[in-house]
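Open the model in your viewer and switch to a cartoon view. This tour goes from selection to selection and says what is there.

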Amino acid sequence: MEKYGVNELRKMFLDFMESKGHLVMKSFSLVPHNDKSLLLINAGMAPLKPYFTGAEIPPSKRVSTCQKCIRTGDLDNVGHTARHGTFFEMLGNFSFGDYFKTEAIHWTWEFLTQTVGLDPERLYPSVYENDDEAYAIWRDEIGVPEKRIYRFGKADNFWEHGAGPCGPCSEVYYDRGEKYMTDENDTEPGGEGDRFMEIWNDVFTQFENDGKGNYTTLKQKNIDTGMGLERLAVAVQDVDSMFDIDTIRTLRDHVCRLAGKVYHTDRNVDVDVRKITDHARASTFMISDGIMPSNEGRGYVLRRLIRRAAMAGRRLGIQGSFMAELARTVIETSADGYPELKENEVMILEVLSKEEETFGRTIDQGLRILDEIEAEMASKNEKTLSGEKAFLLYDTYGFPLDLTREILEEKGCGIDEEGFAAAMKEQRERARGARKKTNYSGKELTVYDTLDPRLSSLFTGYERLTDKGTVTALTTEVTEEDPGSEVKALSDGIRGTIITDITPFYATMGGQIGDKGLIYTDSAEFTVEETEPLPGGKTAHKGVMTKGMIKVGDSVTLAADEAGRRATEKNHSGTHLLQKALKMVLGDHVAQKGSYVSPSRLRFDFVHFKPMTKEEIARVEDIVNEEIRKGLPVRTDVMSIEEARKTGAMALFDEKYGEKVRVVSMGDFSKELCGGTHVSSTAQIQAFKILGESGVAAGVRRIEALTGNGVFAYYREVEETLNELAGILKSSPKDAADHARKLEAELKSLKSEIESMKSKAARESLGNAAAEAEKVGGVPFIARSMKDVDVNGLRELGDSLKETLEEYVIVLASETAGKVNLLVMASDGAVKKGAHAGNLVREAAKVVGGGGGGRPNMAQAGGRDAGKIREALAKAKEALLGQIG
């Protein structure tokens, strides 16, 4: 058998399925599209769920893909075994009501034995224990001996996911030979050993589960096949694990070179090498699909992967940042199947470098925090770190639990791992509680999910804003409490949704807000308040009947609001000019991360790693306005996605493109894939003004801006505000700024004078405190209260007292606006005798209804009950006696 490479096997599978009449589709993004039940795509069938559920009509009844997937359920095991990984490629062939078990099983066998050349004698099929049909196909049609066909129960060979479509499955195991036996019991498929590897799984979706264990036969039976590409390569290349197959081995060897290590010579080294190898692959693909490191959602998954890899690199002794260098190898070995990796290389490398650099600082901070925690544990003679603090290190500072454990074990300490698990569980429950209740397709179930999937709405709004159409469906209003219902008519005063076969209304998509307007007949009128897309190409016109009645089947006139659409078009075209200008000023790493385009304004989110300077903002604004003044022609061409990419048109990471796309060009300046609506000349935009630039997430900046009449209205408002301010300052608008600066200087001087007076009064209130200090346990003790002195003032007073004393414990309290500020200072000598400022201030703060703490030498606190300040000072003295007696 020839030992085909990963890239060869991927092509062989897709070519084979194409020869069997399948439409070969490119891998979908790792970011789920309209599926809130998933954080990341984790299976080949996940992006195809709308086709399985009937919410959308598939482009073909036979589809085949090689889908990139991420699974993080076993993240903590990655590296520790050669089996586990987060990123993988899933080969799949799917039938939507077309072929079924016979064809699926025959093609499984044909591909594995004839195309790939696996030894038929080493293949072992399994079937669901009650699936006699599949068993008979394997035995009688394929010719597999009964002794090599295994029947397994529901846990192994029946696929279901709560209520919804489900069915038995048939898996194929490959006997890798005795050299891979885990132990003497590893002699047949279905066990936990390494000798028999499952490489193919045919799921026969033939039943509907009502959620109560009752099954009915589906009218449309489907096939969902999955085969891990890496697993297939392990079998074909006859290697130990996926870390030894050609493409991943190249990356693994790169890690070893950076670390100066040899694989398979030290178990601990191997663990970290595998961890870095897997996480580098996953991170590269995630960033390529537009996922950015953050502290929530899929961005948090990415951040954890990068940080775990960085920590492993530290343990291996790799100097400096290295993930970007490894990403180059991932791109080089995988771009054959995923050309987007090469297209997004600049951004991938920059995001990885920035995140690893940031984590380098974070981890140093985390180590300092751990040092402080260790010191606190030592002062209390504690040997076990609380689960809450271990989770704080893990969640906030990116400290893996095993790293915290390792550091503490060296010092004879442990971790409350049950407490850590409880904190982790609490966080997961919070996250789970934030998710919406979903159905099988990952969406809240509404009337829109039950509409006839054959219905669709032809969009004519590129050419016109008014058109004729026929009402094909009507629903009542859909709310969080009411999923709505399909109706035959909507009458005056009723809120609902109208769906038509033709519409000029643009539905909210790609950041552009949907149109508003009217749908009417001679005797009825419906006000459209928002327009949204529905599955299957339907357009929902949501609003309220304001006159008469509209029925299903009525011929209606649809009129989108022209003023709103034209204003929106100016803002949308403005975002295209803006993106190109940003690339010119900031660099090619700039990539769109989101946008919002409405009639009143535009918002544009983009990849950049630091705030823009005033000069950069001005340059971007000038470039956009210059292109507006040029009156560039705006042209739209329809072409295939491949043709569009060849033109250099910019595309969005998480956008789902069809076979044909629209490429919007503005002269030779800008070219983007875009399904939105635009001006016909940049001159129609009139003007462009940036209102502000800010950060919205790690590595993501946001610009908010105006165009057209919005700019003119903005300057009118600025002018009115300036005139009002000049009136208040009793100056001309031209001199208003100078007058304001003079007033500011006078105010600053007065504030300084007041603070000086307050400081003097506070010092005088201390009197001769140093001379009057009483001895507590042989240490001079000073306790004083005063009014209207903030914490900084208390600290200054404490510092002045320290200068007159060698040994001391100072307790100062101040009432400010009904609240209490407390400060405690202790000399080194007092600390050696047992004094602890942090514990003293904590006891005093309890008396005044507050809290606080700090170091042994200095601590501060606050409280709410100023009437108990005298008691608090007495409590501090009592606590000091307890410390040094």
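Select residues 688-697, strand β28, together with 700-707, strand β29: the two pair in the antiparallel sense over eight bridges. Two strands count as paired if DSSP finds at least two bridges between them. Strands (E, at least two residues) and helices (H or I, at least four) are DSSP runs, numbered from the N terminus. This is a predicted model, in which local features need pLDDT of at least 70, side-chain atom pairs count only at pLDDT 80 or more, and totals for chains, interfaces and linings use all residues. Residues are numbered from 1 along each chain as its sequence is written, and side-chain values use heavy atoms, with hydrogens and water left out.

Now pick Glu693; its bridge partner in β29 is Ile703.

Widen the selection to the open, antiparallel sheet of four strands, ordered β23-β24-β29-β28. β23 (592-597) and β28 are at the edges with a single partner strand each, so one side of each has no neighbour in the sheet.

Add residues 709-729: this is helix α19, which lies across β28 and β29 and runs at about 85° to β29. Such angles run from 0 to 180 degrees between N-to-C directions, with axes fitted to C-alpha atoms, for helices over the stretch in contact (heavy atoms within 4.5 Å).

Next, go to another sheet. Six strands form an open sheet with mixed pairing, in the order β30-β31-β32-β33-β35-β34. Its edge strands are β30 (774-776) and β34 (851-854).

Inside this sheet, select 809-816 (β32) and 819-826 (β33), an antiparallel pair with eight bridges. Ala813 stands opposite Leu822 in β33.
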